[in-house]
Amino acid sequence: IDGIGTASSSNAATTEQVIASEELRLASNDDGKLNWIFGLYAFTEKLKQSRLSSLDAGIVAALIQPGFVSDDVEIDRDGVAAFGQISYAMTDKLNLTMGARYSYENVHQTPDLLVDLVVPTPGGPVAITTVNNVEQKKSFDGFSPMGSVSYEWTDDVMTYASISTGFKGGGFTKEVPNSPAQNMAVANETSLNYEIGIKARFADNRMLLNAAAFRSDLKNQQ
């Protein structure tokens with residue numbers, strides 16, 4: 001460490017994550033002007049992370065004492081969602097689609113942080129001991145609608161435009177901060193997306209052309 005001497009440090013970390021999900025869908029048979037799909041989705045996620053950083057005394061042992069930072073955390077997330085989408089053929093060429101998804105998630109964080117260090121200061125070594133083991137719980141929800149329109153100019157050329165929204169549930173960081181007051185929940189991440197495009201076939205389907213332009217506006221990116 002500059003100006004004091006030399007010290008060695010070691011860092012070790014392990015992360016374990018288990019996710020299970022299930023989805024149930026009910027859909028039309030796509031043989032009419034009106035087609036639809038509805039469904040339910042559920043998941044559970046368990047994440048465990050364990051980190052240990054240790055500092056060994058260096059040349060100037062009177063100023064730099066051995067210490068460590070133990071950072072363990074477990075985060076449980078359970079969620080459900082309901083979604084649906086309806087498409088309607090206004091004419092043989094014009095199609096409209098609308099859909100939406102509602103998501104609800106519960107997040108439970110169990111932190112276990114212990115900081116035990118002696119750091120050098122101009123006035124001499126100062127011992128620092130910090131503990132954070134306050135559990136945190138919070139629920140998050142979001143509604144994500146979408147809409148699109150497509151037009152088939154010929155049997156081989158179709159253009160489309162869409163507006164959609166996205167949702168990613170908030171939660172708690174797996175890197176535990178020093179105090180419960182700093183351990184604030186991360187807000188939902190949302191997006192507003194615009195897209196226009198073309199799908200075309202030429203030369204008896206020997207040539208395909210797909211092109212799209214899109215823009216995504218993110219809010220509270222995690």
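**Group meeting: a hairpin, a surface patch and a glutamine**

Okay, let's begin with Val-149, which counts as partly exposed because its relative accessibility is 32%. Keep in mind that this is a predicted model. Val-149 sits in strand S6, residues 136-152.

So which patch does Val-149 belong to? A nonpolar one on the surface, shared with Leu-34, Phe-38, Ile-86, Tyr-88, Met-90 and Leu-96. Together those residues have about 580 Å² of accessible area. Two elements give two or more residues each to the patch: strand S2, which is 34-56, and S3.

Let's stay with S3 for a moment. S3 covers residues 67-89, and it pairs with S4, residues 94-119, in the antiparallel sense. There are 22 bridges between the two. If you want a spot to look for on your screen, take Phe-83: its bridge partner in S4 is Arg-101. And how many residues does the hairpin from S3 to S4 run through? Four.

Now back to S2, this time for Gln-49, which is in that strand. Buried or exposed? Gln-49 counts as buried, because its relative accessibility is 6% and the cut-off for buried is under 20%.

What does the Gln-49 side chain reach? One partner is the backbone oxygen of Lys-174, at 3.3 Å. There's also a polar contact with the side chain of Glu-175, at 3.4 Å. Setting aside neighbours within four places in sequence, Gln-49 is in contact with Thr-14, Thr-15, Asp-71, Asp-72 and Val-73, as well as Lys-174 and Glu-175.

That's my tour, thanks.

How values were computed. Residues numbered from 1 in each chain as written. Predicted model: local features only at pLDDT ≥ 70, side-chain atom pairs only at ≥ 80, totals over all residues. Heavy atoms only, no water. Pairing = 2+ DSSP bridges. Patch = residues over 30% accessible without salt bridge, like charges linked within 9 Å, V, L, I, M, F, W, Y side chains within 5 Å. Areas by Shrake-Rupley, 256 points an atom, 1.4 Å probe, with all protein chains shown as cover. Salt bridge = Lys/Arg side-chain N within 4 Å of Asp/Glu carboxyl O. Buried < 20%, exposed > 50% of the residue type's maximum accessible area, 1.4 Å probe, protein only. Polar contact = N/O pair within 3.5 Å; in protein donor to acceptor, adjacent residues only side chain to side chain. Contact = heavy atoms within 4.5 Å.
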